[in-house]
Amino acid sequence: MTAPDQLASFRPDLLRFAQLQLRDDGLAEDVVQETFIAALAGIQDFAGRAALKTWTFSILRNKIIDAMRMRDRTINVSALAVEEDEFEEIFDALFKANGHWLPGHQPGGWADPEATLEQQQFWTIFDACLNHLPANTGRVFMMREFLDLDIEEICAELKISTNNCYVILHRARHGLRGCLERTWFGAGEGSC
Amino acid sequence: MLSCKESTHLISESHDRTLAITEKLSLGMHLLICSGCRHYHEQIVFLEQACDQYKAKLNGDRDPS
């Protein structure tokens, strides 16, 4: 397989990754194209296909960050506020006035999470749950978990406070957890 | 004493920053006595694992060829 052929074979995964981050199919296409151009220009001898893929992905990651910077507003700050209000209402409803879980909402255990990671169907659900996060909350989560940016970098990029960042990530994790529980693990036994 | 609501925030933040000793102690104590939050904590850890593995799948870190 020639290098260009190998690069072409990565296209679905590169595109998926870019779409998850950017939530814009057109922009994702552009970024993947730019990645191919950069990869072809700078290609070296790779011992294996795996190494080439990892290297190509690191180019893609940087292109995604550049694309986020160049967009007028990566994160719609007022939309974030709306997402926050909607979340707070739902979140608060899970707790008693004193801040403890309401009996029906206390998290139960999940059956065999380790085994779950081996199941192909789970990853389809996981992907759907990632996409189900409110758009702006999801983007922040992606920056943290998939682009491996640290909190300072995210705050600097988006011009939000550290505390705001923590709150958004909490919201994202809570939302993702809830989605997986509803769609995969099922409501566990709530016991005090 | 930490409430469950506060605990969920600390659980999430523990993945983004180092908790202060007092925070670790408060959270640790709360998790000892609250099974709901213990489950929540486990599930957030699982989420992190799932994200890592999903990233690896897309990146081809486990590419057999």
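## Close-up views of chain A and its contacts with chain B

**View 1. A:Phe146 sits in the loop between α8 (135–145) and α9 (151–158) of chain A.** Keep in mind for this and every other view that the model is predicted. Is A:Phe146 buried or exposed? Its relative accessibility is 0%, so A:Phe146 counts as buried. Leave out the neighbours within four places in sequence, and A:Phe146 still touches A:Phe17, A:Gln21, A:Arg61, A:Leu130 and A:Phe141, plus B:Cys51, B:Tyr54 and B:Lys55 from chain B. One of these partners, A:Gln21, is 125 residues away in sequence, yet the two C-alpha atoms are 8.1 Å apart.

**View 2. Helix α7 (residues 120–132) of chain A packs on α3(B).** The axes are 11 Å apart and make an angle of about 105°. Since 65 to 115 degrees counts as roughly perpendicular, that is the label for α7(A) and α3(B). On the α7(A) side, look for A:Gln120, A:Phe122, A:Trp123, A:Phe126, A:Asp127 and A:Leu130. Facing them from α3(B) are B:Phe46, B:Leu47, B:Ala50, B:Cys51, B:Gln53, B:Tyr54 and B:Lys57. Sorted by class, the contact comes to 9 nonpolar, 2 polar and 2 charged residues. A:Leu130, B:Cys51 and B:Tyr54 may look familiar: they are among the contacts of A:Phe146 too.

**View 3. Helix α10 (residues 162–185) of chain A also crosses helix α3 (residues 35–59) of chain B.** Here the axes come within 10 Å and the crossing angle is roughly 95°, so α10(A) and α3(B) are roughly perpendicular as well. From α10(A), the residues involved are A:His170, A:Arg173, A:His174, A:Leu176, A:Arg177, A:Leu180 and A:Phe185. They meet B:Tyr40, B:Gln43, B:Ile44, B:Phe46, B:Leu47 and B:Glu48 of α3(B). The class count for this contact is 7 nonpolar, 3 polar and 3 charged. As for the helix itself, α10(A) has 24 residues and runs 32 Å from first C-alpha to last, close to the 34 Å expected at 1.5 Å a residue. Just after α10(A) comes A:Gly186, with a positive phi near 75°.

**View 4. Helix α3 (residues 25–42) of chain A, from its cap to its buried residues.** What caps the N-terminal end of α3(A)? That job goes to A:Asp24, with a side-chain oxygen 3.2 Å from the backbone nitrogen of A:Gly26. The length checks out: 18 residues at 1.5 Å each should span 26 Å, and the end C-alpha atoms are indeed 26 Å apart. The buried residues in α3(A) are A:Leu27, A:Ala28, A:Val31, A:Val32, A:Thr35, A:Phe36 and A:Ala39. The packing partners of these buried residues are α1 (3–9), α2 (11–22) and α4 (49–70) of chain A.

**View 5. A:Arg23 and A:Lys159 are two loop residues with positive phi that are not glycine.** A:Arg23 lies in the loop between α2 and α3 of chain A, with phi at about 55°. At 24% relative accessibility, A:Arg23 is partly exposed. A:Lys159 belongs to the loop between α9 and α10, and its phi is near 55°. A relative accessible area of 73% makes A:Lys159 exposed.

**View 6. Zooming out, chain A has 10 helices and 0 strands.** The C-alpha trace spans about 60 × 40 × 25 Å along its principal axes. Of the 192 residues in chain A, 45% are buried. Among contacts between residues at least 6 apart in sequence, 71% link residues at least 24 apart.

Technical notes
Residues numbered from 1 in each chain as written. Chains lettered and ligands numbered in written order. Predicted model: local features only at pLDDT ≥ 70, side-chain atom pairs only at ≥ 80, totals over all residues. Heavy atoms only, no water. Helix = DSSP H or I, 4+ residues; strand = E, 2+ residues; numbered from the N terminus. Expected span 1.5 Å × (residues − 1). Buried < 20%, exposed > 50% of the residue type's maximum accessible area, 1.4 Å probe, protein only. Contact = heavy atoms within 4.5 Å. Polar contact = N/O pair within 3.5 Å; in protein donor to acceptor, adjacent residues only side chain to side chain. Axes fitted to C-alpha atoms, helices over the stretch in contact; angles between N-to-C directions. Parallel < 35°, antiparallel > 145°, perpendicular 65-115°, else oblique. Nonpolar A, V, L, I, M, F, W, Y, C, P; charged D, E, K, R; others polar.
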